[in-house]
Amino acid sequence: MKCKYQLEPWQEHYVCLVDLLGRVNRLEEAYQFVKNMAVEPAAEVWCALLGACRVHSNEELGEKVAKKLLELNPKNPGNHVLVSNLFAAESRWNDVRVVRMRMKADGLKKTPGCSWMEVGNKIHTFIARDKAHPESHKIYQKLAQIIEKLENEGGYVAQTKLVLHNVREEEKVEMLHGHSERLAIAYGLLSTSDDTPIRITKNLRICEDCHAFCKLVSRLYQRELVVRDASRFHCFQDGFCSCADLW
């Protein structure tokens, strides 16, 4: 960009390069690249690196990146949640407690998961484990049927390791099943024709279990799912996702 086209890279371009290096597990190279950037790395750059550390279970580098992210933007609750999730994935519950206490002391609150979709020229909003929708009873019934079909025909097993709370296994399963995009999917299957793609927008990054859930729904129900999360678009068709399971 700089040499051939005389274009100065934006922070978004640096994020893309860090993301690419992270996808192929060249984490040390990505870290050195970030440290030697010509401009001060934005929080999004460090977030991309932290996400790659989580995917490839690089705890040592992940902790360095986490600390840098909190130093850079200590008032962003999303960054605290990323760091807390990193510690929770390693079962470091004392460190999780410290981060959560710091958030509480600073008056920071985690943004609840929320998904929305348009059906019949109306926007329908779903919040994780919420029952505010007027057709909530039908939605949860349909969701239970979907889960049963995915378990029996697709071998679906809830990835409870992704629930980063120190609670019982049954509660972890319940928390996963109540994620907002699953409620939206259930409503989409209830209220749209079989040949209509289900399009959902989510305010947070889709979790790995919901990603697997969406792939199975697209295959077993022969429905195209398009989910726009906080990271990227995911197009699910015939059991595969356009992101190739890297996001």
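**The segment before helix 1**

Select Gln 6, which sits in the segment before helix 1 of this predicted model. Its phi is near 55°, a positive value in a residue other than glycine. Most residues other than glycine have a negative phi. At 59% relative accessibility, Gln 6 counts as exposed.

Next, select Cys 3. Is Cys 3 buried or exposed? With a relative accessibility of 75%, Cys 3 is classed as exposed. This residue takes part in no disulfide, and the nearest cysteine sulfur, that of Cys 16, is 19 Å away.

**A second positive phi**

Move to Arg 129, in the loop between strand 2 (122-127) and helix 7. Arg 129 also is not a glycine, yet its phi is positive, at about 60°. Its relative accessibility of 44% makes Arg 129 partly exposed.

**The whole chain**

Zoom out and colour by secondary structure: the protein chain contains 10 helices and six strands. The C-alpha trace spans about 55 × 50 × 35 Å along its principal axes. For 247 residues, a compact globule would have a radius of gyration near 18 Å, and the value of 19 Å for the protein chain agrees with this.

A surface representation shows an accessible area of about 13700 Å², of which carbon and sulfur atoms account for 52%. Of the 247 residues, 41% are buried. A contact map adds a further view: among contacts between residues at least 6 apart in sequence, 58% join residues at least 24 apart.

**The largest nonpolar core**

Now hide the surface and display the largest nonpolar core, which has 35 residues. Which residues have the most contacts inside this core? They are Met 117, Leu 150, Ile 185, Phe 213 and Val 217.

To see where the core draws its members, highlight the elements that give two or more residues to it:

- the strands: strand 1 (114-119), strand 3 (198-202) and strand 4 (225-228);
- the helices: helix 7 (136-154), helix 8 (169-177), helix 9 (180-191) and helix 10 (208-220).

Centre the view on Leu 150. Leaving aside residues up to four places away in sequence, Leu 150 touches Gly 155, Tyr 156, Phe 213, Leu 216, Val 217, Leu 220 and Tyr 221. Two of these partners, Phe 213 and Val 217, were named above among the residues with the most contacts in the core.

A second, separate core has 27 residues, including Tyr 14, Val 45, Leu 49 and Ala 66.

**A pair of cysteines**

Select Cys 207 and Cys 210 together. Why is there no bond between them? The sulfur of Cys 210 is 3.6 Å from the sulfur of Cys 207, its closest cysteine sulfur, and this is too far for a bond; the cut-off for a disulfide is 2.5 Å. Cys 210 has a relative accessibility of 1% and therefore counts as buried. The structure as a whole holds zero disulfides.

**Salt bridges**

Finally, display the charged side chains. How many salt bridges are there? The count comes to 15.

Begin with Asp 19 and Arg 232, which form a salt bridge whose closest N and O atoms are 3.7 Å apart. Asp 19 belongs to helix 1 (residues 11-23) and Arg 232 to the loop between strand 4 and strand 5 (233-237), so the pair ties together parts that are 213 residues apart in sequence. Both residues are partly exposed: Asp 19 has a relative accessible area of 21%, and Arg 232 has a relative accessibility of 22%. Add Arg 23 to the selection, for salt bridges that share partners join Asp 19, Arg 23 and Arg 232 into one network.

Continue to Arg 54 and Glu 208, whose side chains meet in a salt bridge at 2.7 Å, N to O. Arg 54 lies in helix 3 (residues 43-55) and Glu 208 in helix 10, so this pair ties together parts that are 154 residues apart in sequence. Arg 54 is partly exposed at 28% relative accessibility, and Glu 208 is partly exposed with a relative accessible area of 28%.

The last stop is the salt bridge between Arg 168 and Glu 171, where the closest N and O atoms are 3.4 Å apart. Glu 171 is partly exposed, its relative accessible area being 32%.

Definitions and conventions. Residues are numbered from 1 along each chain as its sequence is written. This is a predicted model: local features need pLDDT of at least 70, side-chain atom pairs count only at pLDDT 80 or more; totals for chains, interfaces and linings use all residues. Side-chain values use heavy atoms; hydrogens and water are left out. A nonpolar core is a set of buried Ala, Val, Leu, Ile, Met, Phe, Trp, Tyr and Cys residues joined through side-chain atoms within 4.5 Å. Buried means under 20% relative accessible area, exposed over 50%, partly exposed in between (1.4 Å probe, protein chains only). Helices (H or I, at least four residues) and strands (E, at least two) are DSSP runs, numbered from the N terminus. Contact means heavy atoms within 4.5 Å. The radius of gyration is taken over C-alpha atoms; the globule rule is 2.2 Å times the number of residues to the power 0.38. Accessible areas come from the Shrake-Rupley method with a 1.4 Å probe; for residues, only the protein chains shown count as cover. A salt bridge is a side-chain nitrogen of Lys or Arg within 4 Å of a carboxyl oxygen of Asp or Glu.
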